[in-house]
Amino acid sequence: MLAAAVNPSDINTIEGKYPLAPATPAVAGFEGVGVVEAVGAGVSRQRVGDHVVPIEHGQGTWCTLGRFQERSWYRVPADLPTAAAGALVINPPTALRLLEEFVPLRPGDSIALTGASSAVGRYLLQLARWRGVNAVAVVRARRDAAADAALAAELKALGAAVVSREGALREALAEAGLPPPVLGLDCVAGEAGGELARALAPGGTLVVYGGMAQASLKLPPSLLIFKNLTVRGFW
Ligand SMILES: NC(=O)c1ccc[n+]([C@@H]2O[C@H](COP(=O)([O-])OP(=O)(O)OC[C@H]3O[C@@H](n4cnc5c(N)ncnc54)[C@H](OP(=O)(O)O)[C@@H]3O)[C@@H](O)[C@H]2O)c1
């Protein structure tokens, strides 16, 4: 392996909190990029020297050398930067599907996302800008105001229309004068997920795809009764 990503799902798997549990002893690591060192008889699609990424869960990428099935790996261009190739198969397609599969978005619509400093969040911001959608990025407060400002500038450069600290979303939206978000994408849950839900437009959709706060999603029943929000999950 040339490089292997460390994703929250790897940690969850090691903790025994993920639905996919490999038989132990096992090597962890869902994602990465490797170079083919040797091929067995009958291998037809891959050659020695090819750069390959896993396209099946549970390959165990946190290793130097491994023996794998040809069908579980996909050849990528060898000049793709190693860090990009090693983090190609989980977060970029997740961001694309979150944006495409739940609410038909039109240019000028708003969406909001928690955990916007994450890899998925950064892909979402870029894709939203490309689609002409206003992305409201919610992040945890940094250690001081200068660090808050630096992160906000970074996320705005990627595509965020607004960057809000957790706990200040309502004010940030009011100040920005954007239409209320029709789609909320939550990878934090707990208080932050509840705050995101409260900021959505009536009839809006909340998609929960992670639980970084390790706390139950705090959702007042009134949001479902009076605002008719739809809550979905994604995996
Ligand atoms: N459902 C699926 O199919 C699927 C697929 C891919 C990823 N995911 C989920 O997407 C999320 C992001 O994954 P990633 O690989 O992009 O993550 P990442 O780059 O490792 O970033 C982790 C993110 O979680 C935030 N975070 C950590 N602890 C937190 C807490 N207690 N409260 C609020 N935020 C917290 C971090 O914020 P700071 O910058 O403030 O530390 C950072 O934004 C994860 O929840 C992951 O499980 C789900």
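Let's sort residues into classes first: Ala, Val, Leu, Ile, Met, Phe, Trp, Tyr, Cys and Pro count as nonpolar, Asp, Glu, Lys and Arg as charged, and the others, Gly among them, as polar. This is a predicted model, where local features need pLDDT of at least 70, side-chain atom pairs count only at pLDDT 80 or more, and totals for chains, interfaces and linings use all residues. Residues are numbered from 1 along each chain as its sequence is written, and side-chain values use heavy atoms, with hydrogens and water left out.

Now for the pockets. A pocket here is an open set of points on a 1 Å grid over the protein atoms alone, with room for a 1.4 Å probe and protein on both sides within 12 Å along at least five of seven lines; lining residues have an atom within 4 Å of a point. The largest pocket holds about 1300 Å³ of space, a volume being the space filled by probe spheres set on the points, which are joined across faces, edges and corners. Its lining has 41 residues, with Pro 8, Ser 9, Asn 91, Tyr 209 and Gly 210 closest to the centre. By class, that lining of the largest pocket splits into 22 nonpolar, 12 polar and 7 charged residues. Helix 1 (8-15) is among the elements supplying at least two of them, and helix 1 gives the largest share, 5 residues. Helices (H or I, at least four residues) are DSSP runs, as are strands (E, at least two), numbered from the N terminus.

The second largest pocket has about 510 Å³ of space. Its 20 lining residues include Val 36, Ala 38, Gly 66, Arg 67 and Phe 68, which lie nearest its centre.
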